[in-house]
Amino acid sequence: MDGKILIIIGVVILVILIVFVSIYNVLVEKRKKIDRNNALVDIYLKKRFDLIPNLVEVCKGYSKHEKETLEKVAELRSSFNSNPTKETTEELNKVYSSLIAIAESYPEIKASDNYLKLQKELTNVENEISASRRIYINSITSYNNVVMRFPSSIIASMFGFKKHNLPKYDYSDVKVEFK
Amino acid sequence: MALIFIMIALIGMVLIIIVARTHGSSNTKRVYVKSKNQLANNNKYILENSKKIEKIFDERYKELEPIKRRMLISVLVFFIALISVFIVKNEYYTYISLGLPLIILGISYYEYNTKSNKKFIEITKEVIHDYNNDLEYIPNSGFSSSEYALCHFPEKCDIFSSEDMITNSKNGFLFSDITIKSEYRDNDGDSHYTTEYEGSLARMYIKDVECKIFLGGINFRNYYTKDYVEVKFENDEFNDLFKAYTDNELLAYKILTPDVMEEFVNIKNDTYGDIDIRIINNKLYIRFLSGDGFDSSALTKNEDRESLCKSIAVLEEVMKTMEKVKKIIDNKNDN
């Protein structure tokens, strides 16, 4: 009788351990996925960032009136290259939309082959950024669901898994529509 | 002798029923009105052009009138001959007087059936072309089995058939009935076939899509777990209705934007039974359960108009959805 009780207790403890470990692994995997997807967003932001010089080149040849904006871009880029900071990146992203506005307001630029090719690349990058952000947000939501639900919330609090905040995107200076 | 008489009378009754069924033009009009009410909400073309379609049917079927008359006369002659058999009481006379009308009736019936099917095909071509000038109806054509195989639908497919195709060469739209059969062997080793799926498949070209996305009903299982990942989206209703698998998660998110997901949810809600959607390298496929859409061979004349109306309603719904999805995806890729 004692032996049977011990076996039952042993099995119960084993099942609990298995559940414990499974939930822990799920939490770890979901947290890693958030980091991976965040990195993916950064990759596409960098891709767009790398297209800025091409945009400057296209605008430079046609527009003499926007010298100030083009000079500012050159200044920010050299500042970024020597000392990359979050503020400089944000400034450059803001200037990016000004460059698009310049290009869109000059029919000669809009009609040029270089600009048309660049436009297609930029559209593609914008779609990739949008998709990667959605994936990132979904991975955070999925992780938060596991962290907040019972009984995984117990294991999450034991091992320091905290709810991840959803990112706030300032779309006004990032998303650009081509006309 | 009495037995022979009873058998002949029975055959005669069957023939009258057949002739009566093929001759009911007033019944057809009542069926058409019933169709109109049923389709009141979802087939604008039929409602606006009901008189034109009625005229097309009437003109085409008028050409069958002489054959119908011949059949009716054969039946009348048969019964007159039957009565005269009891008066004349001659064996040779019996065979000739009963046999000849039956032979003429048989030939006329066969001729009527064949021409009736041809007429329906002509009517369908005319109505579809009139509905949309870019569409063409090709009755004996459809999807190839190789194209079907690329879609990786879950049923076992030993025999694939596809016919009654409607196509638009401008945007690669193709709509066709499909039947999937699988083979099984019984205990004696004889092979038999069972119908795994009977429905319709539609296809449209879309731009710049280099991935595979499989969407199936909630019971859809991924048969290719190695190469495809399950993806969940932010639209809960979409996740409840569809299971999504893809070979490229980022591209799947690029293509399945909230607008596209909403279109798929709408068509799923309007459809009875599961629908399967595939996006495979520049092509969008939608597969759903349906009756014999534009198939003329299984129909009698009375059902022709109702069936055609229903089939065009289904075609219109599917085409509208696919065009909307195509527009969203193509605009996103262009702009």
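Biologist: What makes helix H5 and helix H6 of chain B roughly antiparallel to each other?

Modeller: In this predicted model, helix H5 (residues 65-88) and helix H6 (residues 91-131) of chain B pack at an angle of about 165 degrees with their axes 9 Å apart, where the axes are lines fitted to C-alpha atoms over the stretch in contact and angles run from 0 to 180 degrees between N-to-C directions. Angles over 145 degrees count as roughly antiparallel, and H5(B) and H6(B) are therefore described in that way. The helices themselves are DSSP runs of H or I with at least four residues, and strands are runs of E with at least two, numbered from the N terminus.

Biologist: Which hand does the crossing of H5(B) and H6(B) have, and which residue classes make up the contact?

Modeller: The crossing is left-handed, a term for a near helix turned anticlockwise from the far one by less than a right angle. By class, the contact of H5(B) with H6(B) has 17 nonpolar, 5 polar and 4 charged residues.

Biologist: How do you know that A:Arg134 forms a salt bridge with B:Glu234?

Modeller: The rule asks for a side-chain nitrogen of Lys or Arg within 4 Å of a carboxyl oxygen of Asp or Glu, and the closest N and O atoms of B:Glu234 and A:Arg134 are 2.7 Å apart, so the pair qualifies. B:Glu234 lies in the loop between strand S6 (229-231) and helix H8 (236-241) of chain B, while A:Arg134 lies in helix H5 (residues 113-148) of chain A, so the pair joins two chains. Across the interface of chain A and chain B the rule finds 1 salt bridge.

Biologist: What area do chain A and chain B bury between them, and which three residues supply 44% of the part that chain A buries?

Modeller: The two chains bury about 1200 Å², 48% of it on carbon and sulfur atoms, buried area being the accessible area (1.4 Å probe) lost on being put together, summed over both parts. A:Asn127, A:Arg134 and A:Asn138 supply that 44%, more than any other three residues.

Biologist: What makes the peptide bond from A:Phe150 to A:Pro151 notable?

Modeller: That bond is cis, with omega near -5 degrees, and A:Pro151 sits in the loop between H5 and helix H6 (152-158) of chain A.

Notes
Residues are numbered from 1 along each chain as its sequence is written. Chains are lettered from A and ligands numbered from 1 in the order in which they are written. This is a predicted model: local features need pLDDT of at least 70, side-chain atom pairs count only at pLDDT 80 or more; totals for chains, interfaces and linings use all residues. Side-chain values use heavy atoms; hydrogens and water are left out. Angles under 35 degrees count as roughly parallel, over 145 as roughly antiparallel, 65 to 115 as roughly perpendicular and the rest as oblique. Ala, Val, Leu, Ile, Met, Phe, Trp, Tyr, Cys and Pro count as nonpolar, Asp, Glu, Lys and Arg as charged, and the others, Gly among them, as polar.
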